[in-house]
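Me: I've got a model open in the viewer and I'd like to learn how to read it feature by feature. Can you walk me through it?

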Amino acid sequence: MGTEESSIESGVSETLTITDNRTGKSYEVPITDETIRAIDLRQIKVNPDDFGMMTYDPAYTNTASCRSAITYIDGDKGILQHRGYPIEALCEHSSYLEVAYLLVFGELPTTPQLERWVWDVTHHTFVHEDIKAMLEGFRYDAHPMGMLVSAVGAMSTFYPDAKMIEDPEERYMAAIRMIAKMPTLAAFSYRHSLGLPYIYPDNDLSYAGNFLNMLRKMTEVKFEPDPRLERALDVLFILHADHEQNCSTSAVRSVGSSQVDPYSAVAAGVAALYGPLHGGANEQVLRMLRRIETVDNIPDFLNGVKAREEKLMGFGHRVYKNYDPRARIIKKHVDEVLDAVGLDNPLVEIATELEKRALDDEFFTSRKLYPNVDFYSGLIYEALGIPAAMFTVIFAIPRTSGWISQWLEMTDDSEQKIARPRQIYTGDRDLDYVPIEDRNGPEKIAGPPARRPVKSRRGA
Ligand code: CMC
């Protein structure tokens, strides 16, 4: 490792020699940071007018799409760091807004910088009344993530100047507005599902405390959040703030690469997060634990997973092939939150036993499947009295600082262009057009296709 590290640190380029056995020709391509540039393969051709060699990487499992100085992950060792600071230290010493500042600006703030940042975020938490009216138009049972996708996209129409994506003032305001308003939109969508009046932000409260206020406040004049719950939620926010090039962040970067405004780019991230293989997993974990019902049913459930009838939700990760460090931190907070709310949740017992048995089972250990952040976060949200449909919405609140930091970095990166992958075309070519009266096909009139068997779905 010593030589590799020093060559990366000093930026010394090495080379890779590739021999094309079709032609016998050899090519030397530069290696930088243990990576070759895919475009360097294009020179590899059999005939001069060939397109040239490409790489095929359907889910970007081994393709770096950017250079980034925001988040470092070592999936084999279970390490997560933001701007160089270990996640454990940030959870212990920082607030979520301080971490958001770190992600956006690249350095921990001084006291005056943090005060200004918190003031700016706190004083942009209100949303335009027309956004509220728009949310009120949703059906009573609308999924809050669907509402959030729409509301974030709609924000671009309220701040049209955000289209000036190179204007430093507009960039700053977009960051502030999105981080500030996401909890308000999330809480409004929650109150909508309950048919309760929306609660306006309270600027006297902390970021997490105000979110609890907007979720919970009823007739009391002033909502006072339990400091233990406020802190637990703030830690959850820190843990979800960024996670380098995951599905939703890649969506933000990809959509943002068209130079659309940042609200529209972040709306794409919210939509990506909605999926059950990404941010939707914590909701599925809760549903799974409820379905298992008792500890006695765990062996049957695990047999079903091993027979590939279903997945153990909250387990496995594209990058972590070790315990997700975020899961370790969350696990410590579960009991604390249960104590604070005075609940003895039977699902905690099922989750703990399920984790223990899975970690003892060769099926999971041989595939390096460990609990991920979503395995325990749902239990905390449930203890906070938040329904499962809201879990992904709560994930979206802190991830906004990650999305916006990645968007800022991407739009500043002179190497980035509009995202436009290549394909390997597998269809017919150069067919003769057949007039409709001459076409022969099956007698059956085409309708909805028969349900396809569920194949193992892979994602990130
Ligand atoms: N339960 C059972 N088997 C699994 C699971 C699981 N949760 N995850 C992976 N496997 C198996 C998979 O079937 C495959 O087996 P085989 O090699 O025999 O075909 C092997 O493990 C490798 O899995 P993969 O699908 O190639 O892994 P991936 O990197 O493509 O998928 C994942 C990563 C997170 C989508 C997947 O592990 C999964 O679906 N987990 C459950 C959903 C979940 O908890 N998602 C939250 C991710 S963390 C939060 C976030 O970042 O959003």
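What follows goes through hairpins, a sheet, the ligand site and the spaces in the protein.

Me: Before we start, what sort of model is this?

Reply: It's a predicted model. Keep that in mind as we go.

Me: Okay, hairpins. Between which residues do β1 and β2 run, and in which sense do they pair?

Reply: For a pair of strands, look at the sense, the bridges and then the turn. Here β1 covers residues 14–20 and β2 covers residues 25–31, and the two are antiparallel, with seven bridges. One of the pairings to click on is D20, whose bridge partner in β2 is K25. Four residues separate the strands of this hairpin, and in the turn G24 has a positive phi of about 80 degrees.

Me: Where's another hairpin, and which residue in its turn has a positive phi?

Reply: Go to β3 and β4, which form a hairpin with four residues between them. The residue you want in that turn is G78, with a positive phi of about 70 degrees. Strand β3 takes in residues 71–74 and β4 residues 79–82, joined in the antiparallel sense by four bridges. To check the register, find T71 and look across to H82 in β4.

Me: In what order do the strands of the open sheet come?

Reply: To read a sheet, walk across it from one strand to the next. This one is open, has three strands and goes β3-β4-β5, with antiparallel pairing. The edges are β3 and β5 (85–86), and each has a single partner strand, so one side of each has no neighbour in the sheet.

Me: Now the ligand. Which residues come nearest to it?

Reply: Start with the shell, then pick out the polar contacts. There are 22 residues around the ligand, and H278, R308, K311, L312 and R318 come nearest. By class, the shell has nine nonpolar, seven polar and six charged residues.

Me: And which polar contacts should I display?

Reply: Try three. K311 puts a polar side-chain atom 2.7 Å from a ligand oxygen atom. R367 has a side-chain N or O atom 3.0 Å from an oxygen atom of the ligand. With L312 it's a polar backbone atom, 2.7 Å from a nitrogen atom of the ligand. On its own, the ligand has 930 Å² of accessible area, and the protein covers 87% of that.

Me: What about pockets: which residues lie nearest the centre of the second largest one?

Reply: For a pocket, ask about volume, lining and where the lining comes from. The second largest pocket has a volume of about 210 Å³. Its lining has 17 residues, with L97, L205, S206, Y207 and A208 nearest the centre. At least two lining residues come from each of α3 (96–105), α4 (111–122), α8 (207–216) and α9 (227–239). Sorted by class, the lining has seven nonpolar, six polar and four charged residues.

Me: Last one: how much space lies in the largest cavity?

Reply: A cavity gets read the same way, by volume and lining. The largest cavity holds about 40 Å³ of space. Its lining includes G316, H317, Y320 and K368, and by class there are four nonpolar, four polar and two charged residues.

Note on methods: Residues numbered from 1 in each chain as written. Heavy atoms only, no water. Pairing = 2+ DSSP bridges. 1 Å grid on protein atoms, 1.4 Å probe; cavity = no way out; pocket = protein on both sides within 12 Å on 5 of 7 lines; lining within 4 Å. Points joined across faces, edges and corners; volume = space filled by probe spheres on them. Nonpolar A, V, L, I, M, F, W, Y, C, P; charged D, E, K, R; others polar. Near = heavy atom within 4 Å. Polar contact = N/O pair within 3.5 Å; in protein donor to acceptor, adjacent residues only side chain to side chain. Areas by Shrake-Rupley, 256 points an atom, 1.4 Å probe, with all protein chains shown as cover.
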